[in-house]
Amino acid sequence: MPGIEDLYREIILDHYRTPRNRGELQPPAISSEGHNPLCGDDIRIYLDVADGVVRDVKFSGQGCSISQSSTSMMTVAIKGKTVVEVGAFVRRFKHMMTLADNDEPVDESINLGDIEALQGVVKFPVRIKCATLGWNTLLEALTEASK
Amino acid sequence: MAGANTAFDAAVIRRDFPVLAQQIEGKPLVYLDSANTSQKPNIVIDTMAKFMRESYAPINRSAYTLAANATELFESARNSVAKFINANSSQEIVFTKNATEALNLLVNSWGRANLKTGDVVLLTHMEHHANIVPWQMLQQERGIELRWVPLTSDYQLDLTSLETLLSGVKVFSFTSMSNVLGTINPVEKLCAAAHAAGAIAIVDACQSVPHTHTDVRALGADFVTFSSHKMCGPSGLGVLWGRKELLEAMPPFLGGGNMISDVRLDGFTCAELPAKFEAGTPPIAEVVGLGAAVEFLSGVGMADIRQHEIAMSSYVLDLLTTRFGDDITIHGPRNPELRGATFSFAFRGIHPHDLSQVLDQSNVCVRAGHHCAKPLMKIIGANATARASFYLYNTTADADALADALDSASDIF
Ligand SMILES: Cc1ncc(COP(=O)(O)O)c(C=O)c1O
């Protein structure tokens, strides 16, 4: 059995206890909702995109330490990035989570920073869905924003 | 921990379950997820293995001795199941894939034949998705109306307006025991109320048949559904019991082999019960395994199992509330007589997923999530809960291990 400390790293617990960018954005910011059908968790991502740049991002909803901290760290990482950069960043993250789509190139040189701490989740396969919930919801919000 | 019969000893029964005998990293397995699915005793494993080694053959189809013997073992298991729930005849026992399929069978066969736009089906707020979604599917197709019996603040069905709710209802379909709250419903009373209102009564008995003596005739139900895998039998097998005259009047559900007496280019004639509802090759070894499971449960004694679970409920409720006080919220009745030994809870604000992950470090297996009852979860105001459920093989040591493991979870968060 892999050790629990691989999962609950200090930085993860820190973002869980004190989530960053929690809250809502009013329209014209767009939002998307994601559900984890296994556990009933849900997350909403609010995105303010202008001129191809993520100006602001917030999230609301309920979830476990992994989904909440992963989403919190994600919001910190993507704020200020261009939509293109965010796309590459998400692919890099999903690659680390062993979920990359083979058709899409992954730029291994992208530094995930604190988010690397989520690598331990891979040893607990049922929790990968928790770690990626916010990210998949972000992708939906980005699609919505590009409409 | 024994009930009226002092011969009942969960610690001894536990030894019959090989999964529970193993140690993981030097610590015993504390299996508290039997409301989800139960472990299997040696007699079930051995009976199925022996059947597959020595007797496996098609049933109902071939004249040779091997097949005739397999058919006899298969039908004798059906007899055991009929006896176990006191059915009038083994013709009233229909084997399905699981309880979910049994409920879908009822909605699609009885429902389609008897319900039209505007007809009302009464359900309750504590149903499993298996007793909600098939009705909602028929609602989308037919425009039937769904009504709901609400809950009281102490997690019982609120029956104060039952008569009004039942007026004009064609079907009252409800769970005998909540798989989330542990609440045991007054099945006989509900069946009688349904009949008084001119409705039929369907009982989702998934959570009660494994745990307490079931007499379908005494319940007064029209249909009862349950799953083999929750009652020490194999997965892949469910049971529908129905009153013979109702089953006979219903159209078939799935079509194919075994369910016909004749097929011509211009149509078909159905087989007699229960084959009419058993299209295709059934789970043969699984049915034989369920036969062994009900013999095993009868041997232990269903009344003793119920007594044991009442005693376990008292112990668990006492233990968790004295040890954790306001730090734990148990979503379910406090009276052990009114509940099964299934406990959904919230603990110190720790998300159930995280909780079950940490408990796993102590080999304590609990389920975290919405337990396939999302409408109920919303009503009790939780997105998810952790759920510990006890069965005939669980002892007070399992409850103690749960409490110790809960303490260690607080250290992390
Ligand atoms: C009350 C209740 N009804 C129906 C079901 C569905 O059983 P199955 O998944 O075996 O079809 C369950 C099992 O989780 C249950 O607890």
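Which residues come nearest to the ligand? Of the 13 around the ligand (a heavy atom within 4 Å), they are T100(B), D204(B), Q207(B), S227(B) and K230(B). Keep in mind that this is a predicted model, where local features need pLDDT of at least 70, side-chain atom pairs count only at pLDDT 80 or more, and totals for chains, interfaces and linings use all residues. Residues are numbered from 1 along each chain as its sequence is written, chains are lettered from A and ligands numbered from 1 in the order written, and side-chain values use heavy atoms, with hydrogens and water left out.

**Ligand site**
- T100(B) puts a polar side-chain atom 2.5 Å from a ligand oxygen, and S227(B) does so at 2.6 Å.
- For Q207(B), a side-chain N or O atom sits 2.7 Å from an oxygen of the ligand.
- On its own the ligand has 390 Å² of accessible area (Shrake-Rupley, 1.4 Å probe), and the protein covers 89% of that.

**Nonpolar cores**
- A core here is a set of buried Ala, Val, Leu, Ile, Met, Phe, Trp, Tyr and Cys residues joined through side-chain atoms within 4.5 Å; buried is under 20% relative accessible area with a 1.4 Å probe, protein chains only.
- The largest has 79 residues, and among those touching the most other members are F172(B), L297(B) and L392(B).
- Helix α11 of chain B (residues 284–300; a DSSP H or I run of at least four residues) gives the most, eleven residues.
- Domain 1 (10–41 + 301–412) and domain 2 (46–299) of chain B, with bounds from an automatic or database assignment, each supply at least three residues.
- A second, separate core of 68 residues includes C64(A) and F89(A).

Terms used. Buried means under 20% relative accessible area, exposed over 50%, partly exposed in between (1.4 Å probe, protein chains only). Helices (H or I, at least four residues) and strands (E, at least two) are DSSP runs, numbered from the N terminus. A polar contact is a pair of N or O atoms within 3.5 Å; within protein, one must be able to donate a hydrogen and the other to accept it, and residues adjacent in sequence count only if both atoms are side-chain atoms.
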